[in-house]
Amino acid sequence: MRRQRISIEGIVQGVGFRPFVFQLAARLQVAGWVRNDSRGVTIEAEAETPVLAAFAAALQAEKPPLAVIVRLDSRELPATGACGFAILESRADQTARAQIPADAAVCSDCLAELFDPADRRYRYPFINCTNCGPRFTIVTGIPYDRPQTTMAGFPMCPACLTEYHDPASRRFHAQPNACAVCGPRLNLVAADGRNLPGDPLAEAVCLLRAGAIVAVKGLGGYHLAVDAANPDAVRELRRRKRRDEKPFAVMTADVDSTEQFALASQDEVRLLQGVERPIVLLEKQADFLLAEEVAPRNRTVGVMLPYTPLHHLLLEKDFLALVMTSANLSDEPIVYLDDEARSCLADVADAFLTHDRPIHTRADDSVARMLGDRALLLRRSRGYVPRAIALPGDQPPVLAVGAELKNAVCLTRGDRAFMSQHLGDLQNVEAHAAFTTALRQLGELLETTPAVVAHDLHPDYLPTRYALEQGTLPTLGVQHHHAHLASCLAENGWTGSAIGVIFDGLGYGADGTLWGGEFLAGDCRVFERAGHFRYVPLPGGDLAARQPWRMALSFLREAYGGDVPVLSCFTGVPAEEFNLVRQALDKGLNAPLASSCGRLFDAVAAILGVRNAASFEGQAAMELEMLADRSATSPYPFGLKMEEGVLVFDPRPLVRALVESIGTGEDPPRSAGRFHATLAEMVRQTCLVLRARRGLNTVALSGGVFQNALLTTLVRERLERAGFKVLTHSLVPPNDGGIALGQAVVAGRLADEGIRN
Ligand code: ZN
Ligand code: ZN
Ligand code: FE
């Protein structure tokens, strides 16, 4: 006989881990006990050597679906000759380091019960178990226990309580466990606040079928739902939500229905069906059966599968798909409180399908796309938060406040980084409130007080101002593109130096100018700017991002001097405005210089006639990627030369070649494809020079431009062929949503060395 103490860290609490261990021990006839403790789960196991080995192997191989084992250590103890196996009470210091699980989609066992007329939870919209259901969004404190969730107000009925205490039950210690007798209830409310009679679900389905807009309370907030096949309803939603063109996500019952309007590869199906249930960007079918207004002028559509029992019931038989868009007014954070929903959405929703289980923490849907065979998160939120990101080693606790757009914050504890849910663009009062709430909640959840606050260098970013106003804690500014680089290195566990190819819209440079097409050489501590795009003026500053024709004019003026060719992208621009912009460029007024890559994409999109005005940042660039003919791989000419030890990419030959290609009748998809190939070739050549000069063979790709799967793939291929090791993002967004991680890592390293300001 041998006895071992096995310590397991990771997501092992609140996911049915102890009953799993209990049942496994019974099956293999292992004696001992299991209990939750401050770091995760501890097991003492006593059996013959081969049985112990089988037990340890099964712990890994058969663990519950939501469990994540980060570390498993075992040490020998003297055998005691004990028999039987027990689940011991948690120790008082429980969970200080244990991780709160993320929300998970309803599991197949619960779904089977949901649609089984003989089951006591038949059609109960809040069915869940230890393998599924709400977690992060209902946790109000730690340890993760029912009184510290928004289920505290629902005492369990005897039947539920029996399951809760039965280690053989799938609902053993399932904190949100409930049934129709004791649990939350649905309720349908009219826009004027009246409770509507009848069965809330059936009535809501009726309203949706008639084209109404129904606000539906979900896990992390409210959605606005309409029938996605009804063009009038979708158009009305756009009108009321004041949203012109930004695509709406849809929810569809299953993969079969998805395939009626979108194409999904095997990898995409796996991503759709994962417990995280992100919105997945899929290519539309040629014959798109949903209303065109869902994703106008877009080759892709964002699709998610149902993740709550209520979603399954809503989509059971009446709709091919429902638009399910975050309930908010343009650009404000998702609405999640019931009162807030009633007041904010009174003019938008015709009715509210709601319930009495409060949402404690708001969380939007996550957004992902496939990049090769890996998922790439564009928005990291519900389903992924608050999963930890492993850091190479312990560091002082750092709070990183992120950038201003697509904001998410990050708090570190020991050797783990915890990123908050997506908080959106911090440009209004509501978003600022969401930001401060998230900071507080993250600190409470992790029971961690930061030693350092890290922020962007941009003095006007709201999070920067917030960080500097705290006063009591040391702060550290981290350059925007260095943070992108560090974020990519950290996600990939890379501790050495690398070439950072950091392409985005704009970020505040170390020299106070605007950067955005950057080649850095550095690591998670320090960096040097080794290369960049040639500076061009951004006419009108922020306006340039919304009006790609301005960028086209600016790049053309650089490429041709005063003799700007007359292109179709300028038709429709009022002559007066055009001339004003031109004069401003000539005089250098209100036209800050920037080395932006994103703005080059905008300019090229305009030149190729994709669009000359955008309703959101990055729209033109996205459409340029969609337009591109992937078989057009021959690059256009471009300039690349060393200026004072720094490589400068000159896009003027490229711009002239593009204009010529229009003249020779090259079709725009081909030109768009060749533009992507040009950038990839330029990256390859730049990296070759940097490798020769600095001996760096690893390249990290980050920044919002690398949401572009075509560009990422082309760059990766060319670099790998040249023998580089290429690091890309996957579960941390390449855009500013991932920047807080980089800030936290850089500040952690520097704080460790005692460098503070
Ligand atoms: Zn379940
Ligand atoms: Zn019950
Ligand atoms: Fe950025």
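**Helix H15, an iron site and an open sheet**

In this predicted model, the buried residues of helix H15 are Pro 548, Trp 549, Arg 550, Met 551, Ala 552, Leu 553, Ser 554, Phe 555, Leu 556, Arg 557, Glu 558 and Ala 559. H15 is thus mostly covered, with twelve of its 13 residues buried. The helix spans residues 548-560. From first C-alpha to last, H15 reaches 18 Å, close to the 18 Å expected at 1.5 Å a residue. Its buried residues pack against one strand segment, E26 (536-537). They also pack against five helices: H14 (543-546), H16 (575-587), H17 (598-607), H18 (619-627) and H19 (652-663). Gly 561 follows H15 and has a positive phi, near 70°.

The iron ion (ligand 3) is coordinated by two histidines and two aspartates. The donors are His 480 (NE2), His 484 (NE2), Asp 504 (OD) and Asp 736 (OD), at 2.1 to 2.3 Å. Angles among the four donor atoms run from 85 to 173°, and the site is irregular. A tetrahedral assignment would require all angles to lie between 85 and 135 degrees. In sequence, the donor residues of the iron ion (ligand 3) follow the spacing H-x3-H-x19-D-x231-D. His 480 belongs to helix H13 (residues 480-491), whereas Asp 504 belongs to strand E23 (residues 498-508), so this pair ties together parts that are 24 residues apart in sequence. His 480 counts as buried because its relative accessibility is 0%. Asp 504 is also buried, with a relative accessible area of 3%.

An open sheet of five strands was also identified, with mixed pairing. The strand order is E4-E1-E3-E2-E5. Strands E4 (68-77) and E5 (85-87) form the edges, each pairing on one side only. On average, neighbouring strands of the sheet are turned by 15° against each other, direction ignored. Strand E1 (residues 2-11) and strand E3 (residues 40-47) run antiparallel and are joined by eight bridges. Across this pairing, Arg 2 stands opposite Ala 47 in E3.

Two helices pack on the sheet. Helix H1 (residues 17-28) touches E1, strand E2 (31-37), E3, E4 and E5. The direction of H1 makes about 170° with that of E5. Helix H2 (residues 49-61) packs on the sheet through E1, E3 and E4. The direction of H2 makes about 155° with that of E3.

Note on methods: Residues numbered from 1 in each chain as written. Chains lettered and ligands numbered in written order. Predicted model: local features only at pLDDT ≥ 70, side-chain atom pairs only at ≥ 80, totals over all residues. Heavy atoms only, no water. Helix = DSSP H or I, 4+ residues; strand = E, 2+ residues; numbered from the N terminus. Expected span 1.5 Å × (residues − 1). Buried < 20%, exposed > 50% of the residue type's maximum accessible area, 1.4 Å probe, protein only. Contact = heavy atoms within 4.5 Å. Donors = N, O, S within 2.8 Å, 3.2 Å for Na, K, Ca; no water. Tetrahedral: all angles 85-135°; square planar, octahedral: opposite > 155°, others 65-115°. Pairing = 2+ DSSP bridges. Axes fitted to C-alpha atoms, helices over the stretch in contact; angles between N-to-C directions.
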